[in-house]
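This report describes a protein structure for a reader who is new to the subject. Please look over the sequence and the model before reading on.

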Amino acid sequence: MIARGVSKRISSIRFALLSPEEIRKMSAVKIITADTYDDDGFPIDMGLMDLHLGVIEPGLRCKTCGRKVDECPGHFGHIDLAMNVIHVGYVKEIKKLLDATCRKCGRLLLTKEQTDEFKKSLERVEEFGGDVADLGLVTKETVREAASKAVCPHCGATRTKITLDKPTSFREEGHKLTPKEVRERLERIPDADLIPLGLDPRVCRPEWMVLTALPVPPVTVRPSITLESGDRSEDDLTHKLVDVLRINQRLRENRDAGAPQLIVEDLWELLQYHVTTYFDNQTSGLPPARHRSGRPLKTLVQRLKGKEGRFRSNLSGKRVNFSARTVISPDPLISINEVGVPVEAARELTIPFTASPYNMDALKEMIRRGPEPLAVIGEGKSRYLPGVNYVIRPDGRRIKVTDKNSEQVAEMLELNFVVERHLTDGDIVLFNRQPSLHRMSMMGHQVRVMPGKTFRLSLSVCPPYNADFDGDEMNLHVLQSEEARAEAKVLMKVQEHVLSPRFGGPVIGAIHDHITGAFLLTYMNSLFTKEEVMIILSTVKNHRELPKPMMTDKAGREMWSGKQLFSLILPATLSMAFKSSICVNCEPCLYEKCEYDAYVRIKDGNFEVGTMDEKAVGAFKGKVIDKLARDYGSDVVREFIDNVTKLSIASIMVRGFTTGIADEDIPSDGKNRIAESLEKAVARVNELVRQYKTGELEQMPGRSMEETLEVEVMKVLGRARDGAGDIAGQYLGMENPAVIMAKCGARGSMLNLSQMAGCIGQQAVRGERLSRGYWNRTLPHFKQGDLGAEARGFVKHSYKDGLTPTEFFFHSMGGREGIVDTAVRTSRSGYMQRRLINALEDIKVTEDRTVRNTADSIVQVLYGEDGIDPSRSIQGDAVDVDGILIEALGDEAQILAKIDEKRASAYATLEMDMMEGQEEEEAEEVDYDIGEGDEQ
Amino acid sequence: MKSIARSRTTAKKAKQQARPAELENYVVRKEGERTELQKRLTKLLKEMERKLPESVIEKVSDRLEGIEVRDSTLKKILAKACDRYEEHLIDPNESAGIVAAQSIGEPGTQMTMRTFHYAGVAEINVTLGLPRLIEIVDARRAPSTPMMEVHLAREFADDRDLAMWVSNRIETATLLDVASLETDIHNMKVHVLPDSERMKKKGVSIQGLREVLSQSRGLKDLISGKETDTITIEIPEPSFRILHQKSEITKDSKIKGLDGITRAVLRKEGGEYVIYTEGSNLEELLSFELSYGSYLDSSDRAKHNEIAESAPEKLSAQLIDKTRVRTNNIEEIYSVLGVEAARNAIIEEASKTLEEQGLVVDIRHIMLVADMMTNDGSVKAIGRHGISGRKSSVLARAAFEITSTHLLRAAIIGEEDLLDGVAENIIVGQPVTLGTGAVNIEYLPGKKE
């Protein structure tokens, strides 16, 4: 639990290098033996598992702090190295220092003037807000300058050439420099000379880069695991430390015994190897240290680095409690703001409440219900009621509430006890679907506890989550603090995210059948009997009053039009006009008199003409939703979207709607016409090929003959496919369900239909006709060098006809490319997004509306050059000028009329599709990580 | 700044068809060129002591142009617009960066990977879709498919022959484009046999060819065959290796054109011929002198003389309209025109790429990315070599990529992490400094009097 009222904050973290003294000072114990446990399985003193280093076994107490497991954070120990060893991470730095300083006196190889000059430029860079990389460039320059000196300006010693033998040994004019000598040289560099070299002598003396003592991390950092067999399995770090200790021991013994120089040097190098791999087991030029099983050990650097490393896996990403994950399924009857939570999950997820005089009684009541209350409401029906799982006393003790002790616990309840209550209807939770590509991937929902084992969500919120119900799972997080809940309620609720910050349009709206339903309800002169009207309206909450019926039919029944019904869920003050998806862009536009009923006009909440389809209520495109979200606020849109959903479903059910492959049936004369036109196209292709072969083909400028042929053939075949589609389209009228879906934007396109009914068309890989496979031909079914339509992947048949074997193969080739493309794309774009986020995450708009980064430098003087929030913008524009003119000029009609006149001519260009309908494709989940392989 | 906002709306229209209108709009309007109505609106705003962005004023004046409106009515409109404008302003502490990154990254999954033919210019292949977007964000030295769009000065723009002539001058031609090569092994000679037809088309004379060849390195003193219409290159010593080498040099020698421009294609756009080139060389193109006189000189002597008599100043008119040259090579724009131009180029290229894919992304997001990339005066990539590698926080850098190096370096220079950013604060487990985390409200219960 979060400690209440604590407002402490870490203000900064300073990094520094450990000095040997410090290593020894912070060490709880000096480690000398390579053995870990004695025969009884008890940690050996001064061994790697010494009890001074912390405890990992329950029951034992730490010898340093006296605390038990989980209480003791662990303590460092140290190993005194027999001989000096170079720290791998700093070899390059050591090389730089050796190069830049005098071999003899240790001073920087620069005159005083030069040194001051470089110091100054460092200060200058810092003053102008230079970052670490900029400072690095200056010091690099300093080193270069110093390394070019032949003689030391201070003592006159000549410079010798020092080379670095990767990974860790230095050589001076052919002689090996031992780490000890290196350390001695580094010691000689005076503090003042370190500053121009980019080192801060207050936190780092260069000789510390050569180790004399090695810190041993606490056992809590490298816990050993006891296997089922009772054997102990040690952590990789422990293994490595054992190696270090062993060699260290041998080296010490040999050296003290006065062993031959050669042996000592070999052991010294071995020690260097072990210490090096202890730091980084992927040092280039060194074979990685391996586990007995042959697996390379995961040592310090490997623990931190990469996606599975400490930083990205544990520090940037955190595990949470109070979350749930399960399959999602649709529920058209709940609000977009809600989420259906299974009872089982609700009983497991809890919200803490601190007992106060105001909620005492309510909490007691809840505790009494126990962990699994059921309110019976007669005849085997029951209602969900929230109970309590745990009560936490102010001293931190948790009391589990059971059926047996519930009464007792309730009586015990006192002020400041914390009661963990079950989730119940109306609680706000966060709901999320991965990949979380934008902020709408995680939104606040209100809980509705339901029977069943899946999360239920409204279909209208599927687009922002990019969710469907083919097995998708989603996560739910229960907020634990009042602040978080308040924030979620105000900022994260679904209704606050109807408008996307990406383009300032709606991302939540009707999809699929809901669009079809709205279409069927409102298209042309749809009429409904009183009975039907009652059925439809009974599903809708809060609608306006039903007006007088539009007409009575021959049988004398009262009939209402669908447009009348739709008006009932519109706000009474709404006025707008636009063109629907079914609009065919005829010239000139007849507006209200549109013969396709494609011009929508709503006046004062009265839906006069037009059709409600994707352009009106769809996600991404819905203009009505856009307008309502902008002008009427989130509560109104939420209600409207919910109502559209219900209204559409009711009307589609009243009218009845079905589709199947039979919808693509076309009469035989249609089939013949298609076949005929395709034959013609194929013949035309053959003619082109003949012309190409005889050289009669007229070459296009800037193209080779082959390219010309390909372009021409593609053109002919493309036209043939369209032609077949058009013919098929003639037989598929507006009464055809599949056509209705395509035209109103619910699902599918006319292209899909023409591929089912007419002809699938040319298959392509990389935008070209298929050409690869066998020698000079695509398949052995064709002659070599055949450039005709069929031999190069033209599919004459329709999906309904069925494909020939060769066609089927070609179709698969085209399909495969798409799949590969998707796979590559997801990983690429994932990495791009990670980089973008990382680069821009710190940027915020400050109170003066400048945009700044963390260094407080200004990135933009005014956000987006006009300070407008993209999600509040009107398709990118700062304000809705036309709307304002209409509002402001309400009483000056003649001016308005003139503006209208002017605008009418430009209307076609103003009308822009918000977003192209995308094919739905489920991408395989991929590792977003590319580009890290070539690290360093 | 303003011109970008304009170019976007116009680019939309351009897709429909109206190219010339777009061109009209690219001309930056100066203060004096603002319409009367715009000035009047600005004056009224000043009187009201309120502010509106220029784009709104322009749009209002566009709508009301030519309609008589009283000052009081205008004020009413402006007041309303100001109210709305203030409502639509972005909130302080909004994490604009993250929203921008998401808005550009999210549609990435919907983009294609393939390169396509550029809208209309079927001959030129241009990288589009996700690869292009990544290229822009990476701030690569050169795009994988560099391209230029060269417009002619308006008075010449409708002349096809002239456009052709210009495009031939820009396009690089190697020797093989105008002549064939014959290697005479027996006499150790390379014969260049110019094709008069093609020579004429490209506008190269034999003398010119000879000159170019004699100036190219490695061939200097080997040229002979002065009087004939072939050029002979004599190899001083009998060596097949040298013969081969010389013939290769000859083959590849550039006869004319600008370096890097491998192809130039003409296209008619709204009554104007535009040259599209494969390859880009902004610097040379901008200093490339092509006058009307030189065109007439080589095509129509009579007219040349005529004009030289009547209006000699016309002859020095430049054929290429250098204010309308465009390239998709951002680095080139940066080095020739500077950061501001590079920033605009990034915005334009990125929004063009997204728009071409049918994805709508608010220009403000793209602007923020571009501004971030160009903030310190040079073009920096989004990634570990650019912005991410230069963050002020050690922890944030370590969390992104190349973890150990950053930590090791931080230790020796004694870096201090001030925990201002998002990543750092998440790492240490405290609220981030954006949005609601940026404000601190403390409740101090008032003392009872």
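In which sense do strand 1 of chain A and strand 13 of chain B pair, and over how many bridges? Strand 1 (residues 13-14) of chain A and strand 13 (residues 416-417) of chain B are paired in the antiparallel sense, over two bridges. Within this pairing, A:Ile13 stands opposite B:Asp417. As a general background, the strands of a sheet pair through backbone hydrogen bonds, either parallel or antiparallel. The model discussed here is a predicted one.

**The two chains together**

The contact between the chains involves 104 residues of chain B and 101 residues of chain A. On the side of chain B that touches chain A, helix 6 (residues 96-105) of chain B provides the largest share, ten residues. By residue class, that side of chain B divides into 54 nonpolar, 28 polar and 22 charged residues.

Chain B itself contains 22 helices and 13 strands. Of its 449 residues, 40% are buried. If one takes the contacts in chain B between residues at least 6 apart in sequence, 63% join residues at least 24 apart.

**Confidence in chain A**

The average pLDDT of chain A is 85, and 94% of the residues score at least 70. Over residues 904-936 of chain A, however, pLDDT stays under 50. For that stretch the model has 41 contacts beyond four places in sequence.

**Nonpolar cores**

In soluble globular proteins, nonpolar side chains tend to be buried together. Which residues of the largest nonpolar core touch the most other members? They are A:Val341, A:Val617 and A:Ile625, in a core of 109 residues. Helix 23 (residues 705-731) of chain A contributes the largest share of this core, eight residues. A second, separate core has 93 residues, and among them are A:Ile837, A:Leu885, B:Leu37 and B:Met372.

The surroundings of A:Val617 can be described in more detail. Apart from neighbours within four places in sequence, the contacts of A:Val617 include A:Gly509, A:Ala510, A:Ile515 and A:Ala518. A:Ile625 and A:Val644 are also in contact with A:Val617.

A:Leu885, named above as part of the second core, belongs to helix 27 (residues 881-888) of chain A. In this helix, A:Val881, A:Ile884, A:Leu885 and A:Ala888 are buried. Seen down the axis of helix 27 of chain A, the buried residues fall within an arc of 100°, and therefore they line one face of the helix. An α-helix has 3.6 residues a turn, so residues three or four places apart point the same way.

**A small sheet in chain A**

Strands 31, 32 and 33 of chain A form an open sheet in the order 31-32-33, with antiparallel pairing. Strand 31 (844-845) and strand 33 (858-860) of chain A are the edge strands, each pairing on one side only. Strand 32 (residues 851-852) of chain A is joined to strand 33 of chain A by two bridges. A:Arg852 has A:Ile858, in strand 33 of chain A, as its bridge partner.

**Loops and backbone geometry**

A:Lys800 lies in the loop between strand 30 (794-795) and helix 26 (805-840) of chain A. Is A:Lys800 buried, partly exposed or exposed? A:Lys800 counts as partly exposed because it has 17 C-beta neighbours inside 10 Å. A:Ala662 is 138 residues away from A:Lys800 in sequence, yet the two are 9.1 Å apart in space, C-alpha to C-alpha. Leaving aside neighbours within four places in sequence, A:Lys800 is in contact with A:Ile661, A:Glu664, A:Met756 and A:Ala757.

Most residues other than glycine have a negative phi, and most peptide bonds are trans. The table lists two residues that have a positive phi although neither is a glycine.

| Residue | Phi | Loop | C-beta neighbours inside 10 Å |
|---|---|---|---|
| A:Asp604 | about 50° | between strand 25 (599-603) and strand 26 (606-609) of chain A | 12 |
| B:Glu49 | about 60° | between helix 3 (36-48) and helix 4 (54-64) of chain B | 6 |

With these neighbour counts, A:Asp604 counts as exposed, and B:Glu49 also counts as exposed.

A cis peptide bond joins A:Gln434 and A:Pro435, with omega at about -5°. A:Pro435 is placed in the loop between strand 17 (428-432) and strand 18 (442-450) of chain A.

Conventions:
Residues are numbered from 1 along each chain as its sequence is written. Chains are lettered from A and ligands numbered from 1 in the order in which they are written. This is a predicted model: local features need pLDDT of at least 70, side-chain atom pairs count only at pLDDT 80 or more; totals for chains, interfaces and linings use all residues. Two residues are in contact if their C-beta atoms, placed from the backbone, lie within 7 Å. Helices (H or I, at least four residues) and strands (E, at least two) are DSSP runs, numbered from the N terminus. Ala, Val, Leu, Ile, Met, Phe, Trp, Tyr, Cys and Pro count as nonpolar, Asp, Glu, Lys and Arg as charged, and the others, Gly among them, as polar. Two strands pair if DSSP finds at least two bridges between them. A residue is buried if 20 or more other C-beta atoms lie within 10 Å of its own, exposed if 12 or fewer, and partly exposed in between; C-beta atoms are placed from the backbone. The arc is that of the directions from the helix axis to the C-beta atoms. A nonpolar core is a set of buried Ala, Val, Leu, Ile, Met, Phe, Trp, Tyr and Cys residues joined through C-beta atoms within 7 Å. pLDDT is the predictor's confidence in each residue, from 0 to 100.
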